[in-house]
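User: Got a minute to go through a model with me? I'll just fire off questions as I look.

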Amino acid sequence: MLKFIRVFVCVIMATAAFGCQKSGLDFKIRFDEIQGLKAGVGIIFEASRVGSVQKVVYTSDGDYLVEAAVEPNFSNAATRDSQFYIVEDPQTAGKKAIQIVQTKSGGAVLRDVLCADRGQR
């Protein structure tokens, strides 16, 4: 019985530990204009949807802060060498998306960045 309780406690602790792990990459991008971008739209990298916009906020500085979330398998797409563009969503007509473009391959993955670089198109 004591062995069962120890195993049960270990399972509970392991479940709690995995439940608290960050499931992806979250960061913020500052844009001067959002061109109709809204929460829930996709983040595109190399023609694949790799994440979504979580929130769009107009700031007191007169620009927009976009909270982005990228799925764990694609977190290496958002690096310090990436540019972020607001584009027409290639997968959903009439909607916007954020496109990630790596200016050079490799690079350090963004980690808890307040504002990533946004490109101008």
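User: Quick one: are F27 and F84 buried or exposed?
Analyst: Both are buried, that is, under 20% relative accessible area with a 1.4 Å probe on protein chains only, where exposed would be over 50% and partly exposed in between. Keep in mind this is a predicted model, where local features need pLDDT of at least 70, side-chain atom pairs need 80 or more, and totals for chains, interfaces and linings use all residues. Residues are numbered from 1 along each chain as its sequence is written, and side-chain values use heavy atoms, leaving out hydrogens and water.

User: How many aromatic pairs does the structure hold?
Analyst: Two. Phe, Tyr and Trp rings (six-membered ring for Trp) pair if their centres lie within 6.5 Å; planes under 30 degrees apart are stacked, over 60 edge-to-face, the rest tilted.

User: Why is the F27 and F84 pair tilted?
Analyst: Because the planes sit at 50 degrees, with the ring centres 5.4 Å apart. F27 is in strand β1 (residues 25-31) and F84 in strand β5 (residues 82-88), 57 residues apart. Strands are DSSP runs of E, at least two residues, numbered from the N terminus.

User: Switching topic: what does I98 touch?
Analyst: Among its contacts (heavy atoms within 4.5 Å) beyond four places in sequence are I29, F31, V66 and F84. I98 lies in strand β6 (residues 96-102) and is buried, at 0% relative accessible area.

User: And where does pLDDT stay under 50?
Analyst: Over residues 1-21, which have zero contacts beyond four places in sequence. pLDDT is the predictor's confidence in each residue, from 0 to 100. The chain mean is 79.

Note on methods
Helix = DSSP H or I, 4+ residues; strand = E, 2+ residues; numbered from the N terminus.
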